[in-house]
Structure formats: structure tokens, C-alpha cells
Amino acid sequence: QQICEEVTRANQMGKVTHEQNASDLAGHSASIPLRILILEDNSGDAELSIRELNKAGFEIQADVVDTREAFAAKLQSRIYDVVLSDYRIPRWSGVEAFHLLRQSGKDIPFILVTGTLGEESAVELINEGVADYILKDRLVRLPSAIRRALQEKTARDERERAMQSLLESEERLRLLLDSTAEAIYGIDVQGNCTFCNASSVRL
């Protein structure tokens with residue numbers, strides 16, 4: 001129950017943060033730093049994405065790669081806010097890149113930027129955890145997709161911190177109960193034991 005209440009509070013905080021972030025992004029869009037890793041074999045397409053983000057007020061620091069080896073190396077050596085990837089890369093694919101990102105353990109929003117993508121494939125990828133997909137002829141959607149992905153990442157981080165704080169609090173309480181000489185024993189309304197400390201067990 002404690003965990004549920006804590007997660008609920010975190011979700012509510014996340015909702016407020018979403019609204020604040022949306023307001024801040026709308027009001028201060030001229031100075032939003034963004035570190036992005038772009039997996040794209042067409043330099044012109046990569047430049048169009050960067051240009052669209054610049055128009056939306058992002059200050060872009062971008063690395064553009066077109067091979068699995070380069071993608072893995074950059075992912076390991078740099079810190080990024082978001083990953084943009086084409087769906088089809090020669091001898092590789094954006095889906096494989098997403099799986100590699102997941103295997104790395106890094107929680108970085110991953111957005112596919114592609115020429116074509118069927119509805120069934122799109123739904124499957126979203127269910128797997130891809131933040132969004134943007135068609136290359138509709139790049140105007142890219143800035144809003146990135147803002148939404150970053151807001152969702154912030155909410156996940158807040159929930160994780162809340163959960164970690166709760167676990168640490170429970171561990172401190174457990175240590176306190178087990179270290180006291182007093183026997184502490186809990187029952188529910190049916191008279192069943194719900195918890196007891198070490199002193200209670202000895203008694």
C-alpha cells in the first residue's frame with residue numbers, strides 16, 4: 001500500500017512537471033540544449049532533422065553515424081538526451097539499434113525517423129518501447145515528439161527516485177525494528193500475524 005501511494009504521488013508530481021515543462025519549453029524555446037545521436041546513412045536527411053530542431057529553438061549538439069560499430073562506440077562514450085534513427089540502414093536497421101540501446105541499460109528516448117513505416121510495424125515498435133516515429137516528409141512533428149519523449153523520461157526518473165527513496169526508508173525501518181530489544185508484533189483484523197521483529201521471534 002505504501003508503494004502504491006508513493007507511486008501515485010510520483011505520478012501526480014510527474015503530471016505537474018509535465019505541465020511546467022510544457023510551459024517552460026513554450027516560453028523559453030530559444031535556449032534548449034539537446035544532445036542527440038543520429039543514426040542515418042543520408043547526411044542530407046540528418047541535416048534536415050537538425051535544421052527542423054534548430055527552427056524550433058533547440059541548441060543542437062549532434063553526432064551522426066551510419067554503422068553499428070560507430071553507433072555502439074558513441075553510445076558508450078557520450079551522453080545523449082535522445083536518439084534519432086532511420087528505420088533502414090545498409091546492413092543494419094533502426095530496430096536493431098533500438099535493441100542495442102536497450103541492452104546497454106541506458107534510458108534514452110529513441111525516435112525513429114523514416115521514409116515509410118506500416119501501421120502494424122509502428123504499433124509493434126511503440127509497444128516495445130520506442131518513444132515515437134516520424135515520417136521524413138512530416139519532420140515538423142519532430143520537435144514536439146522530442147519534447148514529449150523528454151517529459152516522459154523525466155516522469156520515469158521521478159518515479160524511480162520515489163521508489164528508491166521508499167525502499168531505503170523501509171530498509172531503515174526494518175533495521176530499527178530488528179535492532180530494538182522490545183518485541184514488536186503486528187496482526188491484521190482477522191488476528192493473523194502481519195510482521196514481527198527479531199526480539200518478538202526470540203520471545
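Asp 86 is buried, since its relative accessible area is 8% (buried means under 20% relative accessible area, exposed over 50% and partly exposed in between, with a 1.4 Å probe and protein chains only). This is a predicted model, in which local features need pLDDT of at least 70, side-chain atom pairs count only at pLDDT 80 or more, and totals for chains, interfaces and linings use all residues. Residues are numbered from 1 along each chain as its sequence is written, and side-chain values use heavy atoms, with hydrogens and water left out.

**Asp 86 and its surroundings**

Let us stay with Asp 86 for a moment. Its place is in the loop between strand 3 and strand 4 (88-89); helices (H or I, at least four residues) and strands (E, at least two) are DSSP runs, numbered from the N terminus. The side chains of Asp 86 and Lys 136 are joined by a polar contact of 3.1 Å. A polar contact is a pair of N or O atoms within 3.5 Å; within protein, one must be able to donate a hydrogen and the other to accept it, and residues adjacent in sequence count only if both atoms are side-chain atoms. Not counting residues up to four places away in sequence, Asp 86 touches Leu 39, Glu 40, Asp 41, Gly 94, Leu 112, Val 113, Thr 114 and Lys 136, where contact means heavy atoms within 4.5 Å.

**The chain as a whole**

Stepping back, the secondary structure of the chain comes to seven helices and nine strands. Of the 203 residues in the chain, buried ones make up 35%. Among contacts with a separation of 6 or more, 64% are between residues 24 or more positions apart.

**Selected residues**

Here are four residues with their places and accessibilities.

| Residue | Place | Relative accessibility |
|---|---|---|
| Asp 132 | strand 7 (residues 132-135) | 9%, buried |
| Leu 139 | loop between strand 7 and helix 6 | 10%, buried |
| Ile 111 | strand 6 | 0%, buried |
| Arg 91 | loop between strand 4 and strand 5 | 80%, exposed |

Which side chain does the side chain of Asp 132 meet in a polar contact? The partner is the side chain of Arg 148, at 2.4 Å. Leaving out residues up to four places away in sequence, Asp 132 touches Phe 110, Ile 111, Leu 112, Ile 126, Arg 141, Ala 145 and Arg 148.

Ile 111 is in contact with residues that include Val 82, Val 83, Leu 84, Ser 85, Asp 132, Leu 142 and Ala 149, neighbours within four places in sequence being set aside. The C-alpha atoms of Ile 111 and Ala 145 are 8.2 Å apart, while in sequence the two are 34 residues apart.

For Leu 139, the contacts beyond its neighbours within four places in sequence are Leu 48, Ser 49, Glu 52, Val 113 and Ile 134. Its C-alpha atom is separated by 9.9 Å from that of Arg 51, 88 residues apart along the chain.

Arg 91 deserves a look for its backbone. Most residues other than glycine have a negative phi. Arg 91, a residue other than glycine, has a positive phi near 65 degrees.

**Helix packing**

Two packed helices are described by the angle between their axes and the distance between the axes. Helix 2 (residues 43-55) and helix 6 (residues 142-179) pack with their axes 9 Å apart, at an angle of about 75 degrees. Axes are lines fitted to C-alpha atoms, for helices over the stretch in contact, and angles run from 0 to 180 degrees between N-to-C directions. Helix 2 is therefore roughly perpendicular to helix 6 (under 35 degrees counts as roughly parallel, over 145 as roughly antiparallel, 65 to 115 as roughly perpendicular and the rest as oblique). From helix 2, Ser 49, Glu 52 and Leu 53 meet Leu 142, Pro 143 and Ile 146 of helix 6.

Helix 4 (residues 94-104) has Gly 94, Val 95, Ala 97, Phe 98, Leu 100 and Leu 101 as its buried residues. These buried residues pack against strand 1 (32-39), helix 3, strand 3 (82-85), strand 5, strand 6 (110-114) and helix 5 (119-128). After helix 4 comes Gly 105, with a positive phi near 85 degrees.
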